[in-house]
Amino acid sequence: MTIKKFRIKNKKIIFSIVLFSAIAFVYGKTLNYDYVYFDDDRLVLDNYDLISDYKKIPAFFTKSVFNSKEELFYRPLLTLSFSIDAMISGKNPFMYHFTGLLLHCISVFLLFVFFRKLNFDENFSMLFTLLFAVHPAFGHAVAWIPGRNDTLLTVALLLTFIFTLDYFASGKKNKYKLLLAMISFFAAMFIKETSIIMLAMAPLFIYVFCKNPKKADYLKIFFFMLLIVFLYMILRNYAVGGQGKEAFAIMKWFKSIFQSMNAYFIYIEYLMIPSRIYVIPELIPLNYLSIVSLIFLSVPLIASLFFATGRKHIILFGYIWFFTFLLPTLVLSDNYWYPHRLYFASIGIIIAFIEFVAGMTQKNPGVKKFLLFLIICMICIFISFAYVNVNSFKNNDVFVSSALKEQPESSLVKVLVSKYYAKNGLFKDALNVMMQVKPDKTGQYSKHYAELLIYIYAVNGMYDESEHIIHQMLAIFPENEVSLENLSEIYFLQGRYKEALALTEKLQKIRPERKAYMERYQKIKDAMAQN
């Protein structure tokens, strides 16, 4: 058997080896990474008493992902994924990173399956899947523990689309496949609230790709999805209260979109020319790269509209996918444009480009080898970029150092540096950095800034300053744990044991599973007995 025949016969096996070898090369080292103490500490370490106990799994559906009623993020299945890691390996970060890597591998595998079910060109499907697997923009999604939210979401949504395709593939309309599609969508909704976009995208997807859909099919699938969303909204409202309604306020959406339109340009740049992939991407300014990226992105759309290159309706669908699934990032804009939010949305652009290059080669077969070579070159460049970028997530020291080097004037980076100093006992340095933090455009400081400042004031013995901010915080967030905990400690240090005890009892009611509050309660009781 010649090498050529062997390669053709074993193409998928060779592709699988190359694909997962590339992923292992770029991301394998993350298995030895530590926590970076940027939300991973809040999701895992601060929540450990909750997530490490399998008996508390039902409670995941009654709390926000940060286990606080002040947070908008209701993602119980994300919490469940951390719980599985916690029950296997405790607080050891290895398992959390392993799961992140595994979810990325599953996402990549399902993406290739998805492309093949759409009957895309096999060679281009392989190469674009590999391009997705090693894209530098997705280091946040794989190497940063909280970034798994988007890999987990991608697994659920790709399964939803795949099972929907399977449902329509057979003339008998297999109800089992429809059930699996709805279960996958249910999982997606309880992983990330942006899955609600599927109410609009699913009918469009069925129209473009599915075989012989009838009006009854559209109504049936939309009804089941709407039912799942309704259940989700009930549980979400119970978990996060009135803030859940506020998050879905239409006027607030339009205002946020208008204020954050430039974020689209940055996300397009991440995708097309990923040279500015910062660990803390706060308000990245537009530049010539943003314009060049937009031009590159527009090529398939312009070619399909004016030169009939590729199937126009599929290319248009790819762009709609991209802009629609990225829309919630603008709606809930926080001026931090994290690349992991691009993870699922980017599949739309890949769909457009696969159809575009396949259309070009149909009319010009000689162009195919050149395009394949060009994509392979891009993959090699992306692998080198991604391999370097992922180093920033090695541990807290490297993460903070990278953030400071990339965005030294960022307010969030300054808070991060201050937190790093406080964590290492350098409280005066922490306070000095905090004094350099500037308010946002509205003149406000973030809740997390206030929480950290309260703590730093307290450990520096500045009790009056700390207590003043605490009461301001509690007026807005009556159950803010950080404020209550620090105020309790201040009262304890001042010998005001009854007040400290009352606050600790309140903390125990807010989070009864947390052992630290039980220990604090006992410490105060012992002090009261001695005095």
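Q: In which loop is the place of D39?
A: In this predicted model, D39 has a positive phi of about 75° although it is not a glycine. With a relative accessible area of 23%, D39 lies between the 20% limit for buried and the 50% limit for exposed, and is therefore partly exposed. Its place in the chain is the loop between α2 and α3.

Q: What is the relative accessible area of Y37?
A: Y37 is placed in the loop between α2 (11-27) and α3 (40-45), and its phi is near 60°, a positive value in a residue other than glycine. Because buried means under 20% and exposed over 50%, Y37 counts as partly exposed. The relative accessible area of Y37 is 22%.

Q: Is S290, in helix α16, buried or exposed?
A: S290 has its place in helix α16 (residues 288-306), and, not counting residues up to four places away in sequence, S290 touches F265, I266, E269 and R276. Its relative accessible area is 1%, and since the limit for the buried class is under 20%, S290 is buried.

Q: Which helix gives the largest share of the largest nonpolar core?
A: The largest nonpolar core has 147 residues, and those with the most contacts inside it are F114, I280, W321 and F325. Leaving aside neighbours within four places in sequence, F325 is in contact with residues including L157, F161, M198 and F344. The largest share of this core, twelve residues, comes from helix α9 (residues 148-169).

Q: Are α9 and α11 parallel or oblique to each other?
A: Residues of α9, among them L157, F161 and F168, meet M198, F205, I206 and F209 in α11. The axes of α9 and helix α11 (residues 198-209) come within 11 Å and cross at roughly 40°, and the crossing is right-handed. Because angles under 35 degrees count as roughly parallel and 65 to 115 as roughly perpendicular, the two helices, α9 and α11, are oblique.

Q: Which helix has the lowest confidence in the protein chain?
A: The mean pLDDT of the protein chain is 87, and 91% of its residues reach 70 or more, while helix α6 (residues 93-117) has the highest confidence, at 96. Over residues 243-251, however, the pLDDT is below 50, although this stretch has 15 contacts in the model beyond near neighbours in sequence. Where pLDDT is low, the predicted coordinates should not be read in detail. Confidence is lowest, at a mean of 46, in helix α13 (residues 243-247).

How values were computed: Residues are numbered from 1 along each chain as its sequence is written. This is a predicted model: local features need pLDDT of at least 70, side-chain atom pairs count only at pLDDT 80 or more; totals for chains, interfaces and linings use all residues. Side-chain values use heavy atoms; hydrogens and water are left out. A nonpolar core is a set of buried Ala, Val, Leu, Ile, Met, Phe, Trp, Tyr and Cys residues joined through side-chain atoms within 4.5 Å. Buried means under 20% relative accessible area, exposed over 50%, partly exposed in between (1.4 Å probe, protein chains only). Helices (H or I, at least four residues) and strands (E, at least two) are DSSP runs, numbered from the N terminus. Contact means heavy atoms within 4.5 Å. pLDDT is the predictor's confidence in each residue, from 0 to 100. Axes are lines fitted to C-alpha atoms, for helices over the stretch in contact, and angles run from 0 to 180 degrees between N-to-C directions. Angles under 35 degrees count as roughly parallel, over 145 as roughly antiparallel, 65 to 115 as roughly perpendicular and the rest as oblique. A crossing is left-handed if the near helix is turned anticlockwise from the far one by less than a right angle, and right-handed if clockwise.
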